[in-house]
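Trainee: Hi! Could you walk me through this one? I'd like to learn how to read it.

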Number of protein chains: 2
Amino acid sequence: MTVSVDGYVAGPADGVDAPMGAGGFRLFNWLDRRHEPGPDNQVYTEMLATRAVISGRRTYEHAGRWHGDHHDGVPVFVLTHDVPDDPPPGAVRYVTDVRGCAAQARAAAGDADVMVHGAGAAQALLRAGELDELELHLVPVLLGQGRRLFEHLPAEHVELELVRRLMSAPEVPDPAQQVTHLRYRVR
Amino acid sequence: MTVSVDGYVAGPADGVDAPMGAGGFRLFNWLDRRHEPGPDNQVYTEMLATRAVISGRRTYEHAGRWHGDHHDGVPVFVLTHDVPDDPPPGAVRYVTDVRGCAAQARAAAGDADVMVHGAGAAQALLRAGELDELELHLVPVLLGQGRRLFEHLPAEHVELELVRRLMSAPEVPDPAQQVTHLRYRVR
């Protein structure tokens with residue numbers, strides 16, 4: 001998940017017509033460099049090497065349902081409270097049970113990693129103890145308001161361990177494209 | 001400011017009797033190593049080299065008013081909406097105007113830095129455009145709930161630049177003592 005220093009994954013008033021909220025696309029400037037050799041490309045390549053995706057319903061809808069294919073046709077498990085009446089597009093499956101969702105995604109990915117998309121899905125998996133790692137792309141900006149990555153969690157400590165840290169600066173001349181990739185393992 | 005990965009500077013239900021809230025002292029484990037040579041000592045030494053302190057009223061009260069001396073008798077400017085009736089202890093002065101507070105603290109510190117204490121003070125200075133840098137001691141834990149460092153800010157982008165990054169891991173064998181020091185300049 002790409003997140004601002006003040007913890008937002010989207011600006012305010014996000015919706016289908018403004019998937020990243022007001023000003024939220026600022027968070028994705030670092031992806032401009034995803035094809036340049038270096039840490040950003042490494043991280044982006046890892047994303048595309050995942051063999052299953054778990055997404056929250058909200059993120060999925062805001063992203064136009066990815067037209068049924070997030071990348072390479074890997075299965076996309078969409079966590080939702082209410083299964084839509086219309087059949088899911090492409091590689092999408094709707095799942096209402098968090099642990100079942102995690103189990104299905106792990107099975108589908110095999111030896112590869114599962115990507116998790118959206119704050120809601122991340123929170124649900126954290127609450128269920130099903131999140132193994134957090135890869136945060138920390139962008140040097142304060143959005144001030146918006147949708148937070150971390151909320152709706154119980155007042156229980158989740159101990160982490162920093163297992164990898166990559167950053168593109170100072171090689172990146174434009175500060176707006178800088179990002180720090182922090183990977184934490186859930187202990 | 002020491003902050004959890006999910007953005008909290010104290011656990012829930014902080015108050016005079018529980019200055020860091022429930023479980024919030026977890027955030028300060030890294031300070032156990034403040035006298036060991038290394039990044040943690042470097043950062044701690046820098047704190048003590050500041051020649052003025054700005055604190056929010058809440059932090060100041062929760063910290064027992066530092067008995068009037070935060071460190072070395074440097075002036076402590078306490079931002080408050082209501083000036084208490086009793087005279088401030090020691091080196092403390094009460095200030096109600098944010099910009100005036102910043103100006104007084106800068107003047108008192110001379111060529112040295114001013115330390116800012118507390119989420120409320122940081123937010124007030126950010127809103128007033130008076131914060132030059134953020135030094136975040138990012139602790140690898142999710143607290144789940146508590147007092148956030150970043151809130152009550154307008155939906156306006158504050159662009160940052162990462163100007164320094166220090167971390168003690170992997171030299172620190174105990175993950176609970178690990179911390180990443182991220183210094184951002186406000187652009």
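Mentor: Happy to; we'll talk about how the two chains relate, then a helix, the sheets and the interface, keeping in mind that this is a predicted model.

Trainee: Great. What rotation superposes chain B on chain A?

Mentor: A rotation of 180°, with 0.0 Å of shift along its axis, and the RMSD is 0.0 Å. That is the relation of a two-fold axis.

Trainee: Is there a general idea behind that? What relates two copies of a chain?

Mentor: Two copies of a chain are related by a rotation about an axis and a shift along it.

Trainee: Okay, and which residue of chain B comes closest to the rotation axis?

Mentor: That's G7(B), whose C-alpha lies at 3.4 Å from the axis.

Trainee: Let's switch to helices. Which residues of helix 1 of chain A are buried?

Mentor: Helix 1 of chain A covers residues 39–48, and its buried residues are P39(A), D40(A) and V43(A). Looking down the helix axis, you'd find them within an arc of 105°, so they line one face of the helix.

Trainee: And which exposed residues does the face turned away from the buried side carry?

Mentor: On that face of helix 1 of chain A you have T45(A) and L48(A), which are exposed.

Trainee: What do the buried residues of this helix pack against?

Mentor: Three strands of chain A: strand 7 (133–139), strand 10 (158–167) and strand 11 (180–186).

Trainee: Then what about helix 1 of chain B, which residues are buried there?

Mentor: In chain B, helix 1 buries P39(B), D40(B) and V43(B). Seen down the axis, they fall within an arc of 105°, so they line one face of that helix. The face turned away from the buried side carries the exposed T45(B) and L48(B). The buried residues pack against strand 7, strand 10 and strand 11 of chain B.

Trainee: Nice. Now sheets: in what order do the four strands of the open sheet in chain A come?

Mentor: The order is 5-4-3-6, and the pairing is parallel. At the edges are strand 5 (92–95) and strand 6 (114–117) of chain A, each pairing on one side only. From one strand to the next, the twist averages 20°.

Trainee: How many bridges are there between strand 3 and strand 6 of chain A?

Mentor: Four, with strand 3 (residues 52–56) and strand 6 running parallel. To find one on screen, look for I54(A), whose bridge partner in strand 6 is V116(A).

Trainee: Remind me, how do strands of a sheet pair in general?

Mentor: Strands of a sheet pair through backbone hydrogen bonds, either parallel or antiparallel.

Trainee: Back to chain B, then. Which strands stand at the edges of the 5-4-3-6 sheet there?

Mentor: In chain B, four strands form an open, parallel sheet in the order 5-4-3-6. Strand 5 (92–95) and strand 6 (114–117) of chain B are at the edges with a single partner strand each, so one side of each has no neighbour in the sheet. Further in, strand 3 and strand 4 (residues 76–79) of chain B pair in the parallel sense over four bridges. There, I54(B) has F77(B) as its bridge partner in strand 4.

Trainee: And strand 7 of chain B, parallel or antiparallel to strand 11?

Mentor: Antiparallel, with six bridges joining strand 7 to strand 11 of chain B. One to look for is E135(B), which has R183(B) as its bridge partner in strand 11. Strand 7 of chain B also pairs with strand 1 (residues 2–4) of chain B, in the parallel sense over three bridges. In that pairing, T2(B) stands opposite H137(B).

Trainee: Last topic, the interface. How many residues of chain B are in contact with chain A?

Mentor: 32 residues of chain B are in contact with 32 residues of chain A. On the chain B side, strand 10 gives the largest share, five residues. By type, that side divides into 18 nonpolar, eight polar and six charged residues.

Trainee: Which strand of chain A pairs with strand 10 of chain B?

Mentor: Strand 8 (residues 141–142) of chain A does, in the antiparallel sense over two bridges. Look for V141(A), which stands opposite E159(B) in strand 10 of chain B.

Definitions and conventions
Residues numbered from 1 in each chain as written. Chains lettered and ligands numbered in written order. Predicted model: local features only at pLDDT ≥ 70, side-chain atom pairs only at ≥ 80, totals over all residues. Buried ≥ 20, exposed ≤ 12 C-beta atoms within 10 Å, placed from the backbone. Arc of directions from axis to C-beta. Contact = placed C-beta atoms within 7 Å. Pairing = 2+ DSSP bridges. Axes fitted to C-alpha atoms, helices over the stretch in contact; angles between N-to-C directions. Least-squares fit on C-alpha atoms with pLDDT ≥ 70 in both. Nonpolar A, V, L, I, M, F, W, Y, C, P; charged D, E, K, R; others polar.
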